[in-house]
Amino acid sequence: MNYQRFFTDAIDALKAERRYRVFADIERVVGRFPHAIRHTPEGTRPVVIWCSNDYLGMGQNPAVIEAMAETARRMGAGAGGTRNISGTHHPIVRLEQELADLHGKEASLVFTSGYVSNATGISTIARLIPDCLILSDGLNHNSMIEGVRAAGREKAIFRHNDVEHLEDLLRRAGRERPKLIVFESVYSMDGDIAPIGRICDLAERWGAMTYIDEVHAVGLYGPRGAGVAERDGEMGRIDVIEGTLGKAFGCLGGYIAGSDAVIDAVRSHAAGFIFTTALPPAVAAAAEASVRHLKASAAERARHQAQVARTKAALAGAGLPILDTPTHIVPLMVRDPELCKAASDRLLERHGLYIQPINYPTVPRGTERLRITPTPFHDDALIEGLTAALVEVWSHLGLPFEATAHSVAAE
Ligand SMILES: *Cc1c(COP(=O)(O)O)cnc(C)c1O
């Protein structure tokens, strides 16, 4: 049996569909973000990153780096165990208190990543509720889909952000049946926002529990950076809030926040929490420093929104077909996988700008795009440079310019 053949065939299939992924080899440089160094077989090249989820540049914040370095020097590199067996170090306990406070909840629980927090959090919560029906938004992230699947409970998918459809499904299930609604606040590919208040209204009317993924909102929205639910005054109505420490907080890790009972039950039953080594103390300390900083400082959020608005205005002004989003995510539509890859390659090779192409299965076929994420560190000159480079690439590849952007959801 030639086992290698199975794997080369699997890769060839991706290549034939133009879905084979090529990673850029990037070396970020503290104090220079979004400027970085790209390693290529021909040597190093300067590059400007336009697709980072380090939305506020907190990964290079001096207080965050110092917390990480100082803690590593004092406490060493690893946690040395699972949470149950010697791995519950003081920085992770402090971090959990900080996150519970951020979301105004009784408790929180930290996981290895946001992915793990959704996959193991949703599945554990749903399995602890007898006969639970999971109502899941149609555009939920893969980590939530995995959590729903692993729960092994009945599920019903409601059309993206469609509260009428959600209410239909709730009514069909009836008030008496236990129900868990799982959805996101900011959807990361289309950059749109869930009707959180209306979903909470329905949850109260029909007796459902709510679980929200605020991964693309924590640090970025709300007076203390707790997310869109905080900004909209709905945070207290959500039962479980999930977030990441790896995006706007610039570190690594994920968490859920909720009541003492929910968090204690997940702590006690979630395999993806129990049977794995705790995050290193240095990472927990850095994340705590980042959360604390963004709780007290709105300057990063204000500058972020300003540079996002400038970027949108510049690109739209040049006739580039961006989606008009209410968030910091700027999708620039290409609608073809090969052209999307070609545009990304040309931006990188010719202009030194790095925007990873987003193709199926991350987004539906025919909605391929460049997902642009300006940060407070993308100054006006960089925005001008991006606009000029994109106009050159669009002209070179014969991509259409448009007066107005269309919504993906409408397609
Ligand atoms: C990135 C992402 C996650 C996973 O978070 P990580 O900390 O990167 O594992 C979860 N949900 C959504 C919506 C995401 O985009």
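# Exercises on a predicted structure

Proline 361 sits in the loop between strand S13 (357-358) and strand S14 (369-372). The model is predicted, and the exercises below start from this loop.

## Exercise 1. Unusual backbone

Task: state which peptide bonds at proline 361 and proline 34 are cis or trans, and place proline 34 in the fold.

Solution.
- Step 1. Tyrosine 360 and proline 361 are joined by a cis peptide bond, with omega about 5°.
- Step 2. Phenylalanine 33 and proline 34 are likewise joined by a cis peptide bond, where omega is about 10°.
- Step 3. Proline 34 belongs to the loop between S1 and strand S2 (35-40).
- Step 4. As background, most peptide bonds are trans.

Task: give the sign of phi for arginine 18 and serine 86, and decide whether each is buried, partly exposed or exposed.

Solution.
- Step 1. Arginine 18 is not a glycine, yet its phi is positive, at about 60°. Its place is the loop between helix H1 (3-16) and S1.
- Step 2. Serine 86, in helix H3 (residues 83-87), also has a positive phi, near 75°.
- Step 3. Most residues other than glycine have a negative phi.
- Step 4. The relative accessible area of arginine 18 is 46%, so this residue is partly exposed. Serine 86 has 59% relative accessibility and therefore counts as exposed.

## Exercise 2. The two sheets

Task: for the sheet of four strands, find the order and explain which strands stand at the edges.

Solution.
- Step 1. The order in this open sheet is S1-S2-S3-S12, and the pairing is mixed.
- Step 2. Strand S1 (25-28) and strand S12 (353-354) each have a single partner strand, so each has one side without a neighbour in the sheet; these are the edges.
- Step 3. S12 pairs with strand S3 (residues 43-49) in the parallel sense, over two bridges. One of the residue pairs is isoleucine 49 with tyrosine 354, its bridge partner in S12.

Task: do the same for the sheet of seven strands.

Solution.
- Step 1. The strands run in the order S4-S10-S9-S8-S7-S5-S6, forming an open sheet with mixed pairing.
- Step 2. Strand S4 (107-111) and strand S6 (154-158) are at the edges because each has a single partner strand.
- Step 3. From one strand to the next, the twist averages 20°.
- Step 4. Inside the sheet, strand S5 (residues 133-137) and strand S7 (residues 179-184) pair in the parallel sense over four bridges. Leucine 133 is opposite lysine 179 in S7.

## Exercise 3. Helices on the sheet and on each other

Task: list the strands that H5 and H8 lie across, then describe how H5 packs with H10.

Solution.
- Step 1. H5 lies across S4, S5, S7, S8, S9 and strand S10 (254-258), and runs at about 160° to S9.
- Step 2. Helix H8 (residues 196-206) lies across S7 and S8, at about 175° to S7.
- Step 3. Helix H5 (residues 114-128) packs with helix H10 (residues 260-269) at an angle of about 105°, the axes being 10 Å apart. The two helices are therefore roughly perpendicular.
- Step 4. H5 contributes Thr124, Ile125 and Leu128 to the contact, and H10 contributes Val262, Ala265, Val266 and His269.
- Step 5. Sorted by type, the contact residues are five nonpolar, two polar and no charged.

## Exercise 4. Three buried side chains

Task: explain why glutamate 214 counts as buried, and describe its surroundings.

Solution.
- Step 1. Glutamate 214 is in the loop between strand S8 (209-213) and H9.
- Step 2. Its relative accessibility is 0%, so it counts as buried; the limit is under 20%.
- Step 3. Beyond four places in sequence, glutamate 214 has contacts that include Ser185, Gly227, Ile241 and Glu242. The side chains of glutamate 214 and serine 185 make a polar contact of 2.7 Å.
- Step 4. Threonine 244 is 30 residues away in sequence from glutamate 214, with a C-alpha to C-alpha separation of 7.9 Å.

Task: repeat the analysis for glutamate 234 and histidine 165.

Solution.
- Step 1. Glutamate 234 is in the loop between helix H9 (228-231) and strand S9 (240-244), and its 14% relative accessibility makes it buried.
- Step 2. Its side chain has a polar contact of 2.8 Å with the side chain of arginine 237. Outside four places in sequence, glutamate 234 contacts Ile196, Gly197 and Ala229.
- Step 3. Histidine 165 is in helix H7 (residues 163-173) and counts as buried at 14% relative accessibility. Its contacts, not counting residues up to four places away, are Ile157, Phe158 and Arg159.

Methods. Residues numbered from 1 in each chain as written. Predicted model: local features only at pLDDT ≥ 70, side-chain atom pairs only at ≥ 80, totals over all residues. Heavy atoms only, no water. Buried < 20%, exposed > 50% of the residue type's maximum accessible area, 1.4 Å probe, protein only. Polar contact = N/O pair within 3.5 Å; in protein donor to acceptor, adjacent residues only side chain to side chain. Contact = heavy atoms within 4.5 Å. Pairing = 2+ DSSP bridges. Axes fitted to C-alpha atoms, helices over the stretch in contact; angles between N-to-C directions. Parallel < 35°, antiparallel > 145°, perpendicular 65-115°, else oblique. Nonpolar A, V, L, I, M, F, W, Y, C, P; charged D, E, K, R; others polar.
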